[in-house]
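Student: Could you take me through the largest pocket in this one? I'd like to hear what lines the pocket and how the parts around it are put together.

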Amino acid sequence: MRKRVGVFAIVMIICMFVTLLPVAAQGGAEKKEQLTIGVVIPYQIGWFAAFHQGFSVVAENENVKLVWQFHEYSPDKETTAIQNLITMGVDAINVTSATPESAEYSCRLANEAGIPIQVTESGVAPGAGKPFADIDFNWYETYQQVAKELRAAESGDLNVLFLQGFLGSPPVMQGIKGFEDAVAVTPGLSLAAPPQDGQYATEPSLNITKGMVQGGLKFNVAIGASQEITEGIIQGLKEEKVNLDDVVIISVNGGPQDVVNLQDGEIDYCVSQPVGLHGMICAQNLINSMTGRTYQTKTYSPIVWTTRDNWKEQLIPWEMDASWLPLVDEFVRTGKYNASLRP
């Protein structure tokens, strides 16, 4: 009798253990290991401060840890940043590269380490290194659109002073090509001088503008490739006593300084490039790829052409918050900007 009771007790214990296994497994599945993503950008000021902020909004919502590295547009520092992240053992990498060549090398290093890598605003030179996703603004088409909108809005011959960012960086090369190609087929539109290196900064752009005016360059349109460059153009024209009504001023940015200049009536047209939203899109796309959700392998973040008359309604702010998440989710699923979801 004791023997039978003992066997019965053992069988019961085994049954209870087997019954509890799914519960234990389910409880274990609920505890997800936190993802760690390494993000490499040039620095955390201006444009990239807004990118940082937007990326962080999504990471916080998804409970993802971020590790930031900076390269100051130096390929060597970019390589060091990627190597640091690989050594740290991050789960994935997002890189905005200094050059297309450094982007390819960063991808190669990540590929060899078995770490997924996404490039943003980089362009990738031919080579063995490949990203799993490329999220960017369409810089070529952006400046094609600038030329077309400018020609449609303004009459007469238009001679353009064009101040770009760091010459040789991927967005700058693509943007210059887009604008020059448009100029070549657009009647009455010409470059007054070769594109200038404004270094995404106000002081060099101010000095270039003043030098052009002092040198007698004839132009009636000035395009700044960032809010800082556009501010330098405006201040340079003022210091040289040029009436701003005599120059059509276009900023390709839409940042906080552009908003001030739009309010003051010192910018005629502005391309809204919502870099905070772009940062959110990049973060959500990368996280979706790591968590089995739909993501894009190649897409362009949205831009909006705005004027003095409609910028208050049309311009997308740089500062982002969680209210933009539904729009970002839809964009990452479809690759399309749905303005109706704008908060």
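Tutor: Here's a walk through the pocket, then the sheet and helices that go with it. Bear in mind that this is a predicted model.

Let's start with the space itself. The largest pocket holds about 330 Å³. Its lining is made up of 22 residues, and the ones closest to the centre are Tyr43, Trp47, Phe48, Tyr73 and Tyr200. If you sort the lining by class, you get 13 nonpolar residues, seven polar and two charged. As for where they come from, four elements give two or more residues each: α2 (47-62), α5 (139-153), α6 (170-185) and β10 (248-253).

Tyr200 deserves a second glance. This residue sits in the loop between β8 (196-197) and α7 (202-214), and its phi is positive, about 55 degrees, even though Tyr200 is not a glycine. There's another case like that in the loop between α8 (227-239) and β10: Lys241, also not a glycine, has a positive phi near 60 degrees. Remember that β10 is one of the elements that line the pocket.

Now follow α2, another of those lining elements, into the rest of the fold. Together with β1 and β2, α2 makes a right-handed β-α-β unit. The two strands of that unit, β1 (residues 36-41) and β2 (residues 65-70), are parallel and pair over six bridges; in one spot, Gly38 has Val67 of β2 as its bridge partner. Helix α2 itself lies across β1, β2, β3 (92-95) and β4 (117-120), and runs at about 165 degrees to β2.

Zoom out a little and those strands turn out to belong to an open, parallel sheet of six, ordered β2-β1-β3-β4-β5-β12. The edges are β2 and β12 (298-300), each pairing on one side only. From one strand to the next, the twist averages 15 degrees. At the β12 end, strand β5 (residues 133-136) runs parallel to β12 and is joined to it by three bridges, with Asp136 standing opposite Tyr300. Helix α4 (residues 100-113) also packs into the picture, lying across β3 and β4 at about 165 degrees to β4.

So, back to your pocket: α2 both gives residues to the lining and lies across four strands of the sheet, β1 to β4, while Tyr200, with its positive phi, is among the residues closest to the centre.

How values were computed. Residues are numbered from 1 along each chain as its sequence is written. This is a predicted model: local features need pLDDT of at least 70, side-chain atom pairs count only at pLDDT 80 or more; totals for chains, interfaces and linings use all residues. Side-chain values use heavy atoms; hydrogens and water are left out. On a 1 Å grid over the protein atoms alone, a cavity is a set of points where a 1.4 Å probe fits but cannot get out, and a pocket is an open set with protein on both sides within 12 Å along at least five of seven lines; lining residues have an atom within 4 Å of a point. Grid points are joined across faces, edges and corners, and a volume is the space filled by probe spheres set on the points. Ala, Val, Leu, Ile, Met, Phe, Trp, Tyr, Cys and Pro count as nonpolar, Asp, Glu, Lys and Arg as charged, and the others, Gly among them, as polar. Two strands pair if DSSP finds at least two bridges between them. A crossover is right-handed if, with the strands pointing away from the viewer, the path from the first strand over the helix to the second runs clockwise. Axes are lines fitted to C-alpha atoms, for helices over the stretch in contact, and angles run from 0 to 180 degrees between N-to-C directions. Contact means heavy atoms within 4.5 Å.
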